[in-house]
Amino acid sequence: MEAATSIQGEAAPAAARNGRPDAVCPHFHAAIELIGKRWTGAILCALIEQPRRYGELGRAIPGLSDRLLSQRLRELEAEGLVAREVEAGTPVRVTYSLTERGYDLRPAIRALRVWANRWNCA
């Protein structure tokens with residue numbers, strides 16, 4: 001059996017692994033690890049506004065490399081948060097949008113945006 005891990009990356013005490021009420025919820029921890037990856041929040045934030053093509057996402061998030069954008073989009077698609085729609089033609093157009101599961105993050109993302117603006121997070 002693998003030990004539970006705390007937010008600091010240390011093994012959690014046995015009581016926390018055994019359902020202590022004050023233990024960090026493993027589902028919450030997994031969600032924070034997923035959306036807390038570098039650039040993932042910015043991608044979700046951009047897609048909350050509207051579906052976007054790959055190039056539009058790149059322009060909406062200055063400093064994000066093409067390689068990392070592709071990687072994060074694949075991860076979000078694998079987690080069921082982002083849908084990828086391919087339009088046949090020349091050139092092929094790919095549009096990314098949030099799934100229902102992804103849209104369920106809207107209140108949390110918007111609340112975090114308000115908090116960041118209030119406290120001048122940079």
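This report walks through the largest pocket of the model, the helices that pack beside it in the account, and a few unusual spots in the backbone. Please keep in mind that the model is predicted.

**The largest pocket**

Let's start with the open space. The largest pocket holds about 440 Å³, and 15 residues line it. Those that lie nearest its centre are G41, L112, R113, A116 and C121. Three elements each give two or more residues to this lining: α2 (26-35), α3 (40-49) and α7 (106-118). Of these, α7 gives the most, with 6 residues. In character, the lining of the largest pocket has 11 nonpolar residues, along with 3 polar and 1 charged.

**How α3 packs**

Helix α3 is a good one to follow next, with two partners to look at. With α7, the axes come within 10 Å and cross at roughly 110°. Angles of 65 to 115 degrees count as roughly perpendicular, so α3 is roughly perpendicular to α7. The crossing of these two helices is left-handed. On the α3 side, the contact uses L44, C45, I48 and E49, which meet R106, I109, R110 and R113 of α7. These contact residues divide into 4 nonpolar and 4 charged, with no polar ones. R113 thus turns up twice: in this contact and among the residues nearest the centre of the largest pocket.

The second partner is helix α5 (residues 66-78), whose axis lies 10 Å from that of α3, at an angle of about 70°. That angle makes α3 roughly perpendicular to α5. Here T40, I43 and L44 of α3 touch L69, R72, L73 and L76 of α5. The contact of α3 with α5 is made up of 5 nonpolar residues, 1 polar and 1 charged. L44 takes part in the contact with α5 and also in the contact with α7.

**Backbone spots to look at**

Three places in the chain are worth finding on screen. The peptide bond from T90 to P91 is cis, with omega near -5°. P91 sits in the loop between β2 (82-87) and β3 (93-98). W39 and N120 each have a positive phi in a residue other than glycine; the table gives their values and places.

| Residue | Phi | Place |
|---|---|---|
| W39 | near 80° | loop between α2 and α3 |
| N120 | near 55° | segment after α7 |

The places of W39 and N120 lead back to helices already met: W39 is in the loop between α2 and α3, and N120 is in the segment after α7. Those helices, α2, α3 and α7, are the ones that give two or more residues to the lining of the largest pocket.

How values were computed. Residues are numbered from 1 along each chain as its sequence is written. This is a predicted model: local features need pLDDT of at least 70, side-chain atom pairs count only at pLDDT 80 or more; totals for chains, interfaces and linings use all residues. Side-chain values use heavy atoms; hydrogens and water are left out. On a 1 Å grid over the protein atoms alone, a cavity is a set of points where a 1.4 Å probe fits but cannot get out, and a pocket is an open set with protein on both sides within 12 Å along at least five of seven lines; lining residues have an atom within 4 Å of a point. Grid points are joined across faces, edges and corners, and a volume is the space filled by probe spheres set on the points. Helices (H or I, at least four residues) and strands (E, at least two) are DSSP runs, numbered from the N terminus. Ala, Val, Leu, Ile, Met, Phe, Trp, Tyr, Cys and Pro count as nonpolar, Asp, Glu, Lys and Arg as charged, and the others, Gly among them, as polar. Axes are lines fitted to C-alpha atoms, for helices over the stretch in contact, and angles run from 0 to 180 degrees between N-to-C directions. Angles under 35 degrees count as roughly parallel, over 145 as roughly antiparallel, 65 to 115 as roughly perpendicular and the rest as oblique. A crossing is left-handed if the near helix is turned anticlockwise from the far one by less than a right angle, and right-handed if clockwise. Contact means heavy atoms within 4.5 Å.
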